[in-house]
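Me: Hi! I have a structure open on my screen and would love to talk it through with you. Could you help me find my way around?

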2 protein chains.
Amino acid sequence: MTAELFRRYGYTGTGLKQIVTAASAPFGSIYHHFPGGKEQLGEAVIRRSGQMYLELFETIFDAAPDALTGVDDFFAGAAEVLRQTDYVDACPIATIALEVASSNETLRVATADVFESWIAGAAPRLARAGLDAATARELAIFLVAALEGAFVLCRAAKSTEAMEAAGRRVHEVLVAALAGPEPR
Amino acid sequence: MTAELFRRYGYTGTGLKQIVTAASAPFGSIYHHFPGGKEQLGEAVIRRSGQMYLELFETIFDAAPDALTGVDDFFAGAAEVLRQTDYVDACPIATIALEVASSNETLRVATADVFESWIAGAAPRLARAGLDAATARELAIFLVAALEGAFVLCRAAKSTEAMEAAGRRVHEVLVAALAGPEPR
DNA sequence: GTCTATAGAAGGATAGAC
DNA sequence: GTCTATCCTTCTATAGAC
């Protein structure tokens, strides 16, 4: 619920009153559960949303017959969700990450931890498909970066063109990596 | 100046009072130059910064001996600027784009126009290097997406690892595309 | 312990002095 | 026309009623 508001309006753009109103909760309850105020609430939302999104990735990926299909399914799913939610439901972390990167160290570290957890989740799955550890990590970073960048472009343009382009090229890179080093 | 504040603290995170203070200007001057208030100021900053960043890309790209080197130089330059500015000076648009995508239609369109102008700037340069128009556009979108996503990860992690990974993979994709369709 | 009411600061915007 | 002073709202946070 709070994550939804942060995703839609950003961290600084969402007020605590707005949050308790949306949750039909009394104002004091925020400071009961989060004595550290908005920052502590923000950190909890970041870490919880990051964990949920990691599990979503793992679920989709592990349900696929192979790594390549898993990646394809994930990008296709991201595009589908964007369309269905009028481009609201994208990455729950990226907006906050950019907002706080240079202004709130606690929250910046939380977003960095989340991205790292995604990379750490994807890398071994790529390694299992046949990549050495270093390549798997680099491709995992590349995958997350392409996904995040596509989210930015798709939300701005209200189009899934960027997600489809990113998905195709990540697919292509993965195919090349799995085929071995520079066979041309 | 204002663009610097938006980049650092975001659109909602930057106050008009903060802006006039930083510019040592009287408060009323904002509404003299921008009768539409913060929104009109934001739109001007988005379009102006977008234009400047486009020119930066074009300058770097056109100074390179070929398209591949141009792309490499641009990613290397982005990583260098991130390091030199303690990860503050990244994309001037992305933070605002995510903040306003679902809350301010005027500014969302402005960010979409900027991204489209970057794609429209990159595509013909890739086409000139030897790609058909459709492939050139798709790779231009992919290039911008990879760059934006890398900015998100780099700022969060305070590391250029993602920018380097993205640059290498965009390079690889471009090499493959220039070599022709599926030679394997 | 739960919640309301309010404090104190900062937000955007405007009216009016000069 | 330029700028200052102020308006009203909203922000986060807290004090204290119940």
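Reply: Happy to, and we can go through the fold, the contact between the chains, the core and some salt bridges. One thing to keep in mind is that this is a predicted model.

Me: Good to know. Let's start with chain A: how many helices and strands are there?
Reply: Chain A has nine helices and zero strands. Read along the sequence, the pattern is α-α-α-α-α-α-α-α-α.

Me: And what does the C-alpha trace of chain A span along its principal axes?
Reply: The span is about 65 × 30 × 30 Å.

Me: How much of chain A counts as buried?
Reply: Of its 184 residues, 53% count as buried. As for contacts in chain A with a separation of 6 or more, 65% of them come from residues 24 or more positions apart.

Me: OK, switching to the two chains together. How many residues does each one bring to the contact?
Reply: Chain B brings 50 residues and chain A brings 50 residues. Together they bury about 4300 Å², and 65% of that is on carbon and sulfur atoms.

Me: What about charges there, how many salt bridges are between chain B and chain A?
Reply: There are six salt bridges between chain B and chain A. One pairs B:Arg169 with A:Glu138, with the closest N and O atoms 3.0 Å apart. Between the chains there are also 12 residue pairs in polar contact, counting pairs with both residues at pLDDT 80 or more.

Me: Which helices of chain B supply at least two residues to the side that touches chain A?
Reply: Those are helix 1 (2-9), helix 6 (94-100), helix 7 (105-128), helix 8 (133-157) and helix 9 (161-178) of chain B. Helix 8 of chain B gives the most, with 17 residues. By class, the side of chain B that touches chain A has 28 nonpolar, eight polar and 14 charged residues.

Me: Nice. Now the core: which residues touch the most other members of the largest nonpolar core?
Reply: A:Met163 and B:Met163 do, in a core of 134 residues. For background, nonpolar side chains in soluble globular proteins tend to be buried together.

Me: What is A:Met163 in contact with, leaving aside neighbours within four places in sequence?
Reply: A:Met163 is in contact with A:Phe75, A:Ala78, A:Ala79, A:Leu82, A:Leu147, A:Ala150, A:Phe151 and A:Cys154.

Me: Back to salt bridges. How many are there over all chains?
Reply: The count over all chains is 32 salt bridges. A good one to look at joins B:Glu43 and B:Arg47, at 3.1 Å from N to O. Both residues lie in helix 4 (residues 37-63) of chain B, four residues apart, about one turn of the helix.

Me: Are B:Glu43 and B:Arg47 buried or exposed?
Reply: Partly exposed is the answer for B:Glu43, because its relative accessibility is 23%. B:Arg47 also counts as partly exposed, at 35% relative accessibility.

Me: Which other residue does B:Arg47 meet in a salt bridge?
Reply: B:Arg47 meets B:Asp113 as well, again through side chains, at 3.1 Å from N to O. B:Arg47 is in helix 4 of chain B and B:Asp113 in helix 7 of chain B, so this pair ties together parts that are 66 residues apart in sequence. B:Asp113 is partly exposed, at 36% relative accessibility.

Me: What does B:Glu164 form a salt bridge with?
Reply: Its partner is B:Arg83, and the closest N and O atoms are 3.5 Å apart. B:Glu164 lies in helix 9 of chain B and B:Arg83 in helix 5 (residues 67-84) of chain B, so the pair ties together parts that are 81 residues apart in sequence. B:Glu164 counts as partly exposed at 33% relative accessibility, and B:Arg83 is partly exposed with a relative accessible area of 39%.

Me: Which residues of chain A are joined into one network by salt bridges that share partners?
Reply: That network joins A:Glu4, A:Arg7, A:Arg8 and A:Asp89.

Me: Last one: where is A:Thr14 found?
Reply: A:Thr14 sits in the loop between helix 1 (2-9) and helix 2 (16-22) of chain A. A:Thr14 counts as buried, because its relative accessibility is 1%.

Me: What does the side chain of A:Thr14 reach?
Reply: The side chain of A:Thr14 reaches the backbone oxygen of A:Leu5 at 3.2 Å. Not counting residues up to four places away in sequence, A:Thr14 touches A:Leu5, A:Phe6, A:Tyr9, A:Ile19 and A:Lys38.

Key:
Residues numbered from 1 in each chain as written. Chains lettered and ligands numbered in written order. Predicted model: local features only at pLDDT ≥ 70, side-chain atom pairs only at ≥ 80, totals over all residues. Heavy atoms only, no water. Contact = heavy atoms within 4.5 Å. Buried area = accessible area lost by both parts, 1.4 Å probe. Salt bridge = Lys/Arg side-chain N within 4 Å of Asp/Glu carboxyl O. Polar contact = N/O pair within 3.5 Å; in protein donor to acceptor, adjacent residues only side chain to side chain. Nonpolar A, V, L, I, M, F, W, Y, C, P; charged D, E, K, R; others polar. Core = buried A, V, L, I, M, F, W, Y, C linked by side-chain atoms within 4.5 Å. Buried < 20%, exposed > 50% of the residue type's maximum accessible area, 1.4 Å probe, protein only.
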